[in-house]
Amino acid sequence: MDIPKFVESYFSENYVQKIEDPTFKQKGVSVSILRCDLIHPELSGNKWFKLKYNLLAANQAGCKTLLSFGGAWSNHIHALAASGKLFGFKTIGVIRGEIAELSKSNACLADASANGMLLHAVTRAEYRYKESTEFIEDLHKQFGDFFLIPEGGANLEGIKGCAEILQLFQSEAFDKICLACGTGTTLAGLLTATKSDVLGFQVLKGEHYLQQQVNGLLAHYALSAKADWSILDNYHCGGYAKTTPVLLEFINSFQQQTGIPLEPIYSGKMLYGIYALIQQGFFPEGSRILAIHGGGLQGRRGFS
Ligand SMILES: *Cc1c(COP(=O)(O)O)cnc(C)c1O
């Protein structure tokens, strides 16, 4: 498979689904969901968009090996391994965590490995220095030439790819585009391209940091936001990968009602937040809301 063919294959589909709920009618809003989880069984969601231009850049540089970083359940690592298999790259995953911890069975890393990824575990202490010149030089000594993609695909190529999520739907048809945010790269990409309001749901604990991070990303690459945007930092349910019984209950009942699977790290928290905000009358009457399902369903296996 080559990259343009893959892109052509998913652009022919419709990924927008309307969600019916009596509360939405009562509050005068409509909610649709963009099913980025359906793009490809392994290479789905925003992770594909963050990889696309990185893979093209690696090709351009004549580099056949991709290296990136992530935790033991990283959607980014999982998608990178799948893209390596699909498009013919060697892949190396530098994984955060003690070796003993990682050798416990982990379905995410098992998939990555089955897709040909070489897994290189480093301690949490070492992982903190993964961006340092010495650390990267050491990796080159061990693994030779590679194209480095930052953790989470958080670079200019990642941002550029995420802007293309907008090509999957008519952005003028929606007043509010909602998404879950980790690094903020996807949000930054959308902001460079849409004029609709964008609302980010932060999945990590901490006030204002993501706002600064997104502003930092935009400034670093001399990009500017075309849309109004804001970030809600009160729907993380205790922090990254933390859940509450109420969140898990919401995800179950949402899946029962709509048939749409969610995971509790990202899209589950966003939709939980959207439902809560609608109840509170946060969105003006007549609002047409689009929620971006960011894929990453493989990560659910870490919770069972
Ligand atoms: C990685 C991920 C996000 C967060 O994307 P960022 O660009 O890092 O903000 C959201 N949803 C899912 C499902 C993800 O895997």
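1. The note opens with Tyr10, which is buried, its relative accessible area being 1%. The model under discussion is a predicted one. Trp48 likewise counts as buried, because its relative accessibility is 0%, and the cut-off for that class is under 20%. Tyr10 belongs to helix H1 (residues 3-11) and Trp48 to helix H3 (residues 45-60); their pairing links distant parts of the chain, 38 residues apart.

2. Aromatic pairs deserve a point of their own. Over the whole structure, 18 such pairs are found. In the pair of Tyr10 and Trp48 the ring centres are 6.3 Å apart and the planes stand at 80 degrees, so the arrangement is edge-to-face. As background, two aromatic rings are described by the distance of their centres and the angle of their planes.

3. What geometry do Tyr235 and Tyr272 adopt as an aromatic pair? The pair is edge-to-face, with 6.5 Å from centre to centre and 80 degrees between the planes. Here too distant parts of the chain are linked: Tyr235 sits in the loop between strand S9 (229-232) and helix H12 (245-258), whereas Tyr272 sits in helix H13, 37 residues apart. As to exposure, Tyr235 is buried at a relative accessible area of 8%, while Tyr272, at 23% relative accessibility, counts as partly exposed. Tyr235 and Tyr272 also take part in a cluster linked by ring pairs, together with Phe24, Phe201, Phe250, Phe254 and Tyr275.

4. Helix H13 (residues 267-279) merits attention as an element. Its 13 residues reach 18 Å from the first C-alpha to the last, close to the 18 Å expected at 1.5 Å a residue. The helix is mostly covered, 11 of its 13 residues being buried. Among the buried residues of H13 are Ser267, Lys269, Met270, Leu271, Ile274 and Tyr275. After H13 comes Gly281, which has a positive phi near 75 degrees.

5. The setting of H13 is an open sheet of six strands, ordered S1-S2-S10-S7-S8-S9, with mixed pairing. Strand S1 (16-19) and S9 form its edges, each pairing on one side only. From one strand to the next, the twist averages 25 degrees. H13 lies across S1, strand S2 (30-35), S7, S8, S9 and S10, and runs at about 165 degrees to S10. Within this sheet, strand S7 (residues 176-181) and strand S10 (residues 288-293) run parallel and are joined by three bridges. Lys176 has Ile289 in S10 as its bridge partner.

6. Helix H11 (residues 209-220) contains His220. The helix lies across S7, strand S8 (197-202) and S9, and its direction is at about 145 degrees to S9. Is His220 buried or exposed? His220 counts as exposed, because its relative accessibility is 61% and the threshold for exposure is over 50%. The C-alpha atoms of His220 and Asn155 are separated by 9.7 Å, although these residues are 65 residues apart along the chain.

7. There is also an open sheet of four strands, in the order S5-S4-S3-S6, and its pairing is parallel. The edge strands are strand S5 (118-122) and strand S6 (147-148), each of which pairs on one side only. Strand S3 (residues 65-70) pairs with S6 in the parallel sense over two bridges. Opposite Phe147 in S6 stands Leu66. Helix H4 (residues 75-87) lies across S3 and strand S4 (90-96), at about 165 degrees to S3.

8. Finally, the cysteines. How many disulfides are counted? The count is zero. For Cys181, the closest cysteine sulfur is that of Cys178, 10 Å away, and therefore too far for a bond, since a disulfide calls for sulfur atoms within 2.5 Å. Cys181 is buried at a relative accessible area of 2%, and Cys63 is buried at 5%.

Conventions
Residues numbered from 1 in each chain as written. Predicted model: local features only at pLDDT ≥ 70, side-chain atom pairs only at ≥ 80, totals over all residues. Heavy atoms only, no water. Pairing = 2+ DSSP bridges. Contact = heavy atoms within 4.5 Å. Axes fitted to C-alpha atoms, helices over the stretch in contact; angles between N-to-C directions. Expected span 1.5 Å × (residues − 1). Buried < 20%, exposed > 50% of the residue type's maximum accessible area, 1.4 Å probe, protein only. Phe/Tyr/Trp six-rings, centres within 6.5 Å; stacked < 30°, edge-to-face > 60°.
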